[in-house]
Amino acid sequence: MSKRFIGSRQTTIGREIELSGTGVHSGAPVSMVLHPAEADTGFRFLVSKRGRIISEIPADVRYVKNLTLCTVIGDDAGVTVGTVEHLLAALRGLSIDNCYIEIDSREVPIMDGSAAAFVAAIDEVGIRELAQPRKYIKVLKPIRIDEGDCWGELTPHSSFFLDVQIDFETPLIGRQRMALEMNAGAFRNEISRARTFGFMRDVENLWKAGLALGASLDNTVALADDRIMNAEGLRYPQEFVRHKMLDAVGDLALAGAPILAAYRSVRGGHRLNAHVLQALFADKEAWTMVRAPWVRDPVSVDVPVGVAAVNYAADRT
Ligand SMILES: [Zn+2]
């Protein structure tokens, strides 16, 4: 049994977390420190250079600079942080609202290609409940984006429901679809360990373009024409669509608060996820901010690891 706070208040991490690894695109070493943050901070990247913070970049869709292979956010001076999605997925997926992410490189470390290392690190320090009620972005009407044969749609829903479908010609993937009521337990058990994947046939072109320099079988499920190159095989049935769900949780964290909606994506990716969010925020009648009701005492509940946290249906304020 592990002690977890579940309820209507905002949360942050229990204490500082130090992590290090490699950037999947740069191949460069990265050190990162996650710091607890006060209520209404959201997720904010503090980019450091030689020990000095040179930029503070909110993990917010308005700061998105590039969506080609991973999600890149940046400031107006040209400082950027890439591959933010798996870390943001771990934070949002475990129902954390506020965190500073200090980083000494332009890319979040890839770790094992999933959110597992971030989840393990957060588990070690625990989650702290703050006094202020949690805020949600409540979707009020459907928002749909079509891009070629891809589409993504947010529709009103009382919690966060995720329905993702992918379709790849290779029989190693094929068509995969998974739908889940997303909460901390579902994220941890069904999604968090799903790794990123790539095709061997693309590797040479990526390397020529100076990308995927840190990619290896330690952090990517690599697909050849007729087989998976990783000796250990897959971690889950349908690991590929689960990873796309992980990416969607991370990309939608750029909303700045948890979303009350059902999100359906078909053949989507980072670009589509960000474009759906941008379309949502462009329509003032499509969403509203709601707040969980104030509660007098922190709610402390013993929950076995992996058991779903309650879904909080917030009242409209
Ligand atoms: Zn990913």
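The following exercises, each with a worked solution, concern a predicted model of a protein chain with a zinc ion.

**Exercise 1. Determine whether the radius of gyration of the protein chain agrees with that of a compact globule.**

Step 1. The protein chain has 317 residues, and a compact globule of that length would have a radius of gyration near 20 Å.

Step 2. The protein chain has a radius of gyration of 19 Å, which agrees with the expected value.

Step 3. The C-alpha trace may also be described along its principal axes, where it spans about 55 × 45 × 45 Å.

Step 4. Buried residues make up 55% of the 317 residues. Of the contacts with a separation of 6 or more, 74% are between residues 24 or more positions apart.

**Exercise 2. Describe how strand 4 pairs with strand 3 and with strand 10.**

Step 1. The secondary structure of the chain comprises six helices and 21 strands. Strand 4 covers residues 29–36, and strand 3 covers residues 17–22.

Step 2. Strands 3 and 4 run antiparallel and are joined by six bridges. Within this pair, Gly-21 stands opposite Val-30 of strand 4.

Step 3. The two strands form a hairpin with six residues between them. In the turn, Gly-27 has a positive phi of about 75 degrees.

Step 4. Strand 4 also pairs with strand 10 (residues 99–103), in the antiparallel sense and over five bridges. Here Leu-34 has Ile-101 in strand 10 as its bridge partner.

**Exercise 3. Identify the protein donors of the zinc ion and classify their arrangement.**

Step 1. The donor atoms are NE2 of His-86, NE2 of His-243 and two OD atoms of Asp-247. Their distances from the zinc ion are 2.1 to 2.8 Å.

Step 2. In sequence, the donor residues follow the spacing H-x156-H-x3-D. His-243 and Asp-247 both belong to helix 5 (residues 239–252), where they are four residues apart, about one turn of the helix. Both of these residues are buried.

Step 3. A tetrahedral classification requires all angles to lie between 85 and 135 degrees. The angles subtended by the four donor atoms are 52 to 147 degrees, and the arrangement is therefore irregular.

**Exercise 4. Classify Thr-12, Leu-87 and Thr-22 as buried, partly exposed or exposed, and list their contacts.**

Step 1. The cut-offs are as follows: buried means under 20% relative accessible area, exposed means over 50%, and partly exposed lies in between.

Step 2. Thr-12, in strand 2 (residues 9–13), has a relative accessibility of 0% and therefore counts as buried. A polar atom of the Thr-12 side chain lies 2.7 Å from the backbone oxygen of Asn-98. Beyond four places in sequence, the residues that Thr-12 touches include Pro-36, Ile-96, Asn-98 and Leu-130.

Step 3. Leu-87 belongs to helix 1 (residues 85–93). Its relative accessible area is 0%, so Leu-87 is buried. Apart from neighbours within four places in sequence, Leu-87 is in contact with Met-32, Leu-34, Phe-45, Ile-101, Val-108 and Phe-118. Among these are Leu-34 and Ile-101, the bridge partners from Exercise 2.

Step 4. Thr-22 is placed in strand 3. With a relative accessible area of 33%, Thr-22 is partly exposed. Not counting residues up to four places away, Thr-22 touches several residues, including Gly-27, Val-30, Val-108 and Gly-214. The C-alpha atoms of Thr-22 and Arg-92 are 22 Å apart in space, and the two residues are 70 residues apart in sequence.

Methods: Residues are numbered from 1 along each chain as its sequence is written. This is a predicted model: local features need pLDDT of at least 70, side-chain atom pairs count only at pLDDT 80 or more; totals for chains, interfaces and linings use all residues. Side-chain values use heavy atoms; hydrogens and water are left out. Buried means under 20% relative accessible area, exposed over 50%, partly exposed in between (1.4 Å probe, protein chains only). A polar contact is a pair of N or O atoms within 3.5 Å; within protein, one must be able to donate a hydrogen and the other to accept it, and residues adjacent in sequence count only if both atoms are side-chain atoms. Contact means heavy atoms within 4.5 Å. Two strands pair if DSSP finds at least two bridges between them. Donors are N, O and S atoms within 2.8 Å of the metal (3.2 Å for Na, K and Ca); water is not among the atoms, so sites may look incomplete. Four donors count as tetrahedral if all angles lie between 85 and 135 degrees; four count as square planar and six as octahedral if opposite donors are over 155 degrees apart and all others between 65 and 115; anything else is irregular. The radius of gyration is taken over C-alpha atoms; the globule rule is 2.2 Å times the number of residues to the power 0.38.
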